[in-house]
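Reader: I'd like a close look at one part of this model, told as a connected story rather than a list. Here is what I have open.

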Amino acid sequence: MKNSFDEKILEEANDWIEANQKVVLATVIQTWGSSPRQVGSRMIVNEKGDFSGSVSGGCVESAVVRECMGLIKDNKPCKKIEFKVSNESAWEVGLACGGEISVYLEQII
Amino acid sequence: MKHSQLKEIIKKKASKIEFAIVTNLENGLSEIYEPNKLLSKDFDIHKNQIENFFKLKKNGVIENTEIFVETYIRPIKVIIVGAVHIAQYLVDFAKSLNFEISIIDPRGYFASEQRFPDMKIINKWPEEAFKEIETNENSALIALTHDPKIDDPALQHALNKKFYYIGALGSKKTHENRCQRLKESGFDNEQINSIHGPIGIKLGGRSAPEIALSIIAQLVSETYKK
């Protein structure tokens, strides 16, 4: 039987909006290989860079925050970004686990 | 996504309706899908695949398209019998899991709202209480009173309705006696052995939150076994 997890991220997004914050919703839409979070996992980011929830095990969240803040700044409705495995020797953003994920960002308007 | 749509999604989640959100990843348009509801032209051409995702309770991008489907399923009903200390921690742990909890306890001083704020508490004997809750093989029972007067009727109801998870608190001796009583009431060995007793996975802890943790771990594990 399936039982969906429910992290109440959408509810939190609503609270943020009602507190007059700008919110971008980031959702894992595809995964390949061993990725830490399943499809449908979410995080939210506001214009100040505060965030809640997750799309990975902490590997790419900082980049997602940056992208989301950019989306708000440029006033764009949505964007799709992909993350691949990171180079171990560099401090670049990527998934140390060897997986790949695709994340969809959308501004709540 | 529009704020009005976000609010509608939250409302549907709260009323335990099964639905899906369909999103066009190219242009950002999204809609709420429900069986027998008309979709706009953009999404209607993918109706069969959307229905398929919905039936399989699956999230993902429809192959060779830019359409993302996210399904929302009804939470699993978990009935706790006994508004005891352990139940308070169970309610806490279950908050971040998709379980819909109801508590049954005929003893008013246990089943108070002050002890369980925002919870569905049925202050009746199990036979009466179960008339108010629709249950089936996708329901779970956690019996915590270890009082045969209260637990036994609930266990009998759960066995008859073939709940996928039935657990009962109590020592090995208490459980042996319980099994004997159920046998005398006409339940067969297979039914009786399906009860998890003593309840919970072996964690080693004996405090109320530790027992609650071991119960919720067993419940989640049994949910995915099904």
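How many cavities of 30 Å³ or more does the structure hold? Please walk me through what surrounds the largest cavity, and where that takes us in chain B.

Author: Keep in mind that this is a predicted model. The structure holds 1 cavity of 30 Å³ or more, and the space in the largest cavity comes to about 60 Å³.

Let's start with the walls. From chain A, the lining takes in A:Thr27, A:Arg42, A:Tyr104 and A:Glu106. From chain B come B:Met1, B:Ile21, B:Thr23, B:Phe68 and B:Glu70. Sorted by class, that lining has 4 nonpolar, 2 polar and 3 charged residues. In terms of elements, strand E5 (100-107) of chain A, E1 of chain B and E4 of chain B each supply at least two of the lining residues.

Now follow the two chain B strands away from the cavity. E1 (residues 19-24) and E4 (residues 67-72) of chain B pair with each other in the antiparallel sense, over 6 bridges. One link between them is easy to find on screen: B:Ile21 has B:Glu70 in E4(B) as its bridge partner. Both B:Ile21 and B:Glu70 are among the residues that line the largest cavity.

Zooming out a little, E1 and E4 belong to an open sheet of 4 strands in chain B, in the order E2-E1-E4-E3, with antiparallel pairing. At the edges sit strand E2 (30-33) and strand E3 (60-61) of chain B, each pairing on one side only. Helix H1 (residues 3-14) of chain B packs on this sheet and touches E1, E2 and E4 of chain B. The direction of H1 makes about 20 degrees with that of E2(B).

Just past this sheet's edge strand E2, there's a backbone detail to check. B:Asn36 lies in the loop between E2 and helix H2 (41-44) of chain B, and its phi is near 65 degrees, a positive value in a residue other than glycine. For background, most residues other than glycine have a negative phi, and most peptide bonds are trans.

The wider setting is a chain in two parts: chain B is divided into domain 1 (3-72) and domain 2 (76-225). The centres of these two domains of chain B, taken over C-alpha atoms, are separated by 35 Å. Further along chain B, the peptide bond from B:Gly197 to B:Pro198 is cis, with omega near -10 degrees. B:Pro198 is found in the loop between strand E10 (195-196) and helix H9 (208-225) of chain B.

Definitions and conventions. Residues numbered from 1 in each chain as written. Chains lettered and ligands numbered in written order. Predicted model: local features only at pLDDT ≥ 70, side-chain atom pairs only at ≥ 80, totals over all residues. Heavy atoms only, no water. Pairing = 2+ DSSP bridges. Contact = heavy atoms within 4.5 Å. Axes fitted to C-alpha atoms, helices over the stretch in contact; angles between N-to-C directions. 1 Å grid on protein atoms, 1.4 Å probe; cavity = no way out; pocket = protein on both sides within 12 Å on 5 of 7 lines; lining within 4 Å. Points joined across faces, edges and corners; volume = space filled by probe spheres on them. Nonpolar A, V, L, I, M, F, W, Y, C, P; charged D, E, K, R; others polar. Domains from an automatic or database assignment.
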